[in-house]
Amino acid sequence: MMTAEQSTYAYLAAYPTIAASLPGSDLSWLQQFRNAGLKAFEAHGFPNLRDEEWRYTNLAVLNKTQFAPSDNQEVDAGWLETYRLENAWNVVLINGHFSAELSDLSNLPAEVSVQSFNAALRNNAEALQTRLGKAVADDEHSLVAFNSAWFGDGVVIEIAARHQMSKPLQILHVVTASDALAATRNLLVVHDSAEAQIIETYVGSADSYFSAAVNECFLQPNAELTLYKVQAETDKACHFGGSYVKQAQNSRFMHHNFAIGGLLARSEIHSDLDVASECRLNGLYLGGNRQHIDNHTRINHLKPQGISREFYKGVLDQRARGVFQARVIVAEDAQQTDSEMNNRNLLLSNDAEIDTKPQLEIYADDVKCSHGVTVGQLDEKSVFYLQSRGVDEASARNILTFAFANEMVDKVENSELKAVLLQQLLARFPAISL
Amino acid sequence: MLSIKNLHVSINDKPILKGLTLDINPGEVHAIMGPNGAGKSTLSHVLSGKAGYTVTEGSVTYQGKDLLELAPEIRAREGVFLAFQYPVEIPGVSNIYLLKAALNAMRKHHGQPEVDAMDFLTIVKSKVKLLQMDEKFLYRAVNEGFSGGEKKRNEILQAAVLEPKLCILDETDSGLDIDALRIVAEGVNSLRSPERSFLMITHYQRLLDYIEPDMVHVLAEGRIVKSGGPELALELEEKGYSWLEGKAA
C-alpha cells in the first residue's frame, strides 16, 4: 500500500498525460485555474485526520487505488432506466462525461438552459469564467482543489428570471468503469424570482470507483432552488459531493439529502446567506456493514433576517459509522437571524458509531438560534407493543426503523422521487407490506 | 380456555406472584381486583409475554398449549390480546398501518390470505363507529398525542378489529372520565360472546358497573385470596382491601 505522499505523487505524475484531454486546455484562464488547484493539491494531498473539518473521516482508501479518468461511455441501458425519473428532464453523465444520447431534454423551454461544461465552454466561456470558483475556492480543502484540477466535464444550468420549472431536472451521475475517477464541476444559476427543481442521483455499476462532484450554485434575489440529492453509490465506491451556494437576498434554498450508498461518502453543503434569505437542509443517512457516511454542512448567515432550518436523521447498523458535522455561523452583521438545527440518530448495533458535532458560532446579539442532538436505540416498549399485536420481533424493529427514517422521505414534495425513496427504504427495512 | 396453576413469578429475584391459580372458561368475564403492588400488572405482562419476568414455578395453559413457551407475537396470533394500561406512542406508524399489519400477521399464522384492502377498510370503519371515534384517528400515528381516553379507546378498537379469544384489560378504566368510560365499556360489551373470554384487571369497582363480570377475584400479596360473584366487588368498594390482606399468608 502506498503512503499518502506516494499516492499524491502518483496522482501528480499521472496528471500531465490527463491534462491535455481535459476541457479548456486551450484557454489560458482555465489553465491558470486548474494549475492553482493542482498546486493546492500538491501542497496538501487529500485531506487527512489532522484537518479539523476531516477529523472523523479517513480518506486512506483514496490512497489505496489510483483512480483515473475514463472516457468509457458504455452502460447497460436497461439498468440505467431503473434510475431515470420519468416525469423529469434527465441529464446523464457516464463516468463523469455528459452523454447527449442518454440525456432527455426534449421540450425544454427556452428559459431553462442545460448544457455540458464542454459545450458551455464553446458557447459562452466568458460567462463560465465569471462563475467558476466563485461559490467555493480551492482553499476550502484539497478535495475541492483536486476537483478544480481534474474535472473532466459537468453540467451548466441557467434558469431565466421569473421562470418556474414545470418539472424537475434530474442529473444522473453514473459510473460504469472500474477504478474510474468521475470528477465533475457543475454550475447552476437561478436568476431573479425564478424557481428551480433539480434532482441529483449518484449511482454506479462498477465495483470500485471515485465519484467527485462539485456544484457551484448561485441564487439571485428572490430565486428559489429545491435541490435533491440521492447518493446510492455501490458498496465499494468512494463519493465526494459538495454543493456550495451563494444566496442573494430573499432567496430560498431547500435541500434534501439522502445518503444511502458508498463505502466512503462525504457530502458537503455550504450556503452563504444574504439579507432575508432562507436555507432549509433536510437529510437522511442510512449506513450498514462498514460504510462510512459523512455529512458536513455550513450555513453562513452573513446579513440580517436570514432563516435557516437543518434537520438530519441517521440510522446506523452493523459496523457503520456516521458523521454529522454542522456549523451555523451568524456574522456580526446578521441580526435577527432565526436558526434551528437538529440531528437525531438511531444506532441499531453495538458496533455502529456516530460522531455528531453541531457548532453554533454567533457574533450578532439579536438572534434566535437553537440546536439539538439525540443518539439512541429502538424503544423496547414499542417493540413489545407491536409484538403484542402479532408482529414478529424482526418486523417490529424494521417497522420502527422505517418509521424513524420515513419522516425525512415524507418531506419530499416530488411524488415520483418520493415513491422511489420509499421503495429503497422498504428494501432496506422489510416489514409487512404497507 | 385459560388455566393458570400455582404461578410463581419473580422480577430480578424478587417474588411478585406467589402461587396464583385461576381458570377461565370460554365466554366468561373475570375481574381481578386488588391493592397496588399486589401483582395485577405482573399477571397481565406474564400472560402477554413481556420480557423481564421469570416464572419460577407453575404453569399457564391456553387452549391446551403451554402459553409460557410461546413468543409474544405467537400468543397474539393465537388470540391473546392485552389492552395496555399505558399504551405506547409510536411516531411515524399510523394506526391503520398497525391494524393492517397485525391483522395480516394473524391471518398468515392461520393460513389465510392477506385481507382485501377494501374489505379491511369497511371492517375498520365499522369498528371506529362502534367506539365513537373520528376516522381521522386511523391516519394518525399510533397513540401519538392522544388523550388518555383516546388511547384506551384505541386499544379497544384494536381488540375489535383483531377479534381475540382472550382479552386482557389492564386497568382500562384508569385515566378515563365517566363519558369515556361508558364508551369503552360499550365497546367491550359489544365484543362479548360465548367464545370470547375477558380478564379485567382493575383497582376500582366502577368499571364493573359497566362491564358486569361473571367472577370477581381479589389478588393480594401475589395470590388470589378470595373469589366470588359480582357482589364481591361491591363489598370491596365498601370495605377496601385491608381486611383481606392477612388471608394471603
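Author: One term first: buried means under 20% relative accessible area, exposed means over 50%, and partly exposed is in between (1.4 Å probe, protein chains only). This is a predicted model, where local features need pLDDT of at least 70, side-chain atom pairs count only at pLDDT 80 or more, and totals for chains, interfaces and linings use all residues. Residues are numbered from 1 along each chain as its sequence is written, chains are lettered from A and ligands numbered from 1 in the order in which they are written, and side-chain values use heavy atoms, with hydrogens and water left out.

Reader: Okay, what percentage of the 434 residues of chain A count as buried?
Author: Start from the outside: the accessible surface of chain A is about 16700 Å² (Shrake-Rupley, 1.4 Å probe; for residues, only the protein chains shown count as cover). Carbon and sulfur atoms own 45% of that surface. As for the residues of chain A, the buried share is 58%.

Reader: What radius of gyration does chain A have?
Author: The rule of thumb, over C-alpha atoms, is 2.2 Å times the number of residues to the power 0.38. For 434 residues that puts a compact globule near 22 Å, and chain A agrees because its own value is 21 Å.

Reader: How many strands does chain A have?
Author: Helices (H or I, at least four residues) and strands (E, at least two) are DSSP runs, numbered from the N terminus. Chain A has 9 helices, and its strand count is 20.

Reader: And in chain A, what share of the contacts with a separation of 6 or more comes from residues 24 or more positions apart?
Author: A contact here is heavy atoms within 4.5 Å. Among chain A contacts at that separation, the pairs 24 or more positions apart make up 84%.

Reader: Let's zoom in: which side chain makes a polar contact with A:Asn345?
Author: A:Asn345 sits in strand E18 (residues 338-347) of chain A and counts as buried because its relative accessibility is 3%. A polar contact is a pair of N or O atoms within 3.5 Å; within protein, one must be able to donate a hydrogen and the other to accept it, and residues adjacent in sequence count only if both atoms are side-chain atoms. Apart from neighbours within four places in sequence, the residues in contact with A:Asn345 include A:Gly314, A:Thr374 and A:Phe404. The side-chain polar contact, at 2.6 Å, is with A:Tyr285.

Reader: Just past E18, is A:Leu348 buried or partly exposed?
Author: A:Leu348 is in the loop between E18 and strand E19 (353-362). Leaving out neighbours within four places in sequence, A:Leu348 has contacts that include A:Val315, A:Leu378 and A:Phe429. Its relative accessible area is 28%, so A:Leu348 is partly exposed.

Reader: Which side chain does A:Thr57 reach with a polar contact?
Author: A:Thr57 belongs to the loop between H2 and H3 of chain A, and it counts as buried because its relative accessibility is 1%. Beyond four places in sequence, A:Thr57 touches A:Leu49, A:Leu264, A:His292, A:Asp294 and A:Val323. At 2.9 Å, the polar partner of its side chain is A:His292.

Reader: What backbone nitrogen does the side chain of A:Asn58 reach?
Author: A:Asn58 lies in the loop between helix H2 (28-44) and helix H3 (60-64), and it is partly exposed because its relative accessible area is 44%. Not counting residues up to four places away, A:Asn58 touches A:Leu49 and A:Leu264. From C-alpha to C-alpha, A:Asn58 and A:His292 are 9.2 Å apart, with their positions 234 residues apart in sequence. The side chain of A:Asn58 comes to 2.9 Å from the backbone nitrogen of A:Ala60.

Reader: Over to chain B: what is its radius of gyration?
Author: Chain B has 9 helices and 12 strands, and its C-alpha atoms fill a box of roughly 55 × 40 × 35 Å along the principal axes. With 249 residues, a compact globule would come out near 18 Å, and chain B agrees because its value is 18 Å.

Reader: How far apart are the centres of the positive and negative side chains in chain B?
Author: Lys and Arg count as positive and Asp and Glu as negative, leaving out His and the chain ends. Each charge is placed at NZ of Lys, CZ of Arg, CG of Asp or CD of Glu. Chain B has 28 positive and 34 negative side chains, and the distance between the two centres is 2 Å.

Reader: Last one: which residue follows H1(B)?
Author: Helix H1 spans residues 40-48 of chain B, and 8 of its 9 residues are buried. Among those buried are B:Leu43, B:Val46 and B:Leu47. Next, with a positive phi near 95°, comes B:Gly49.
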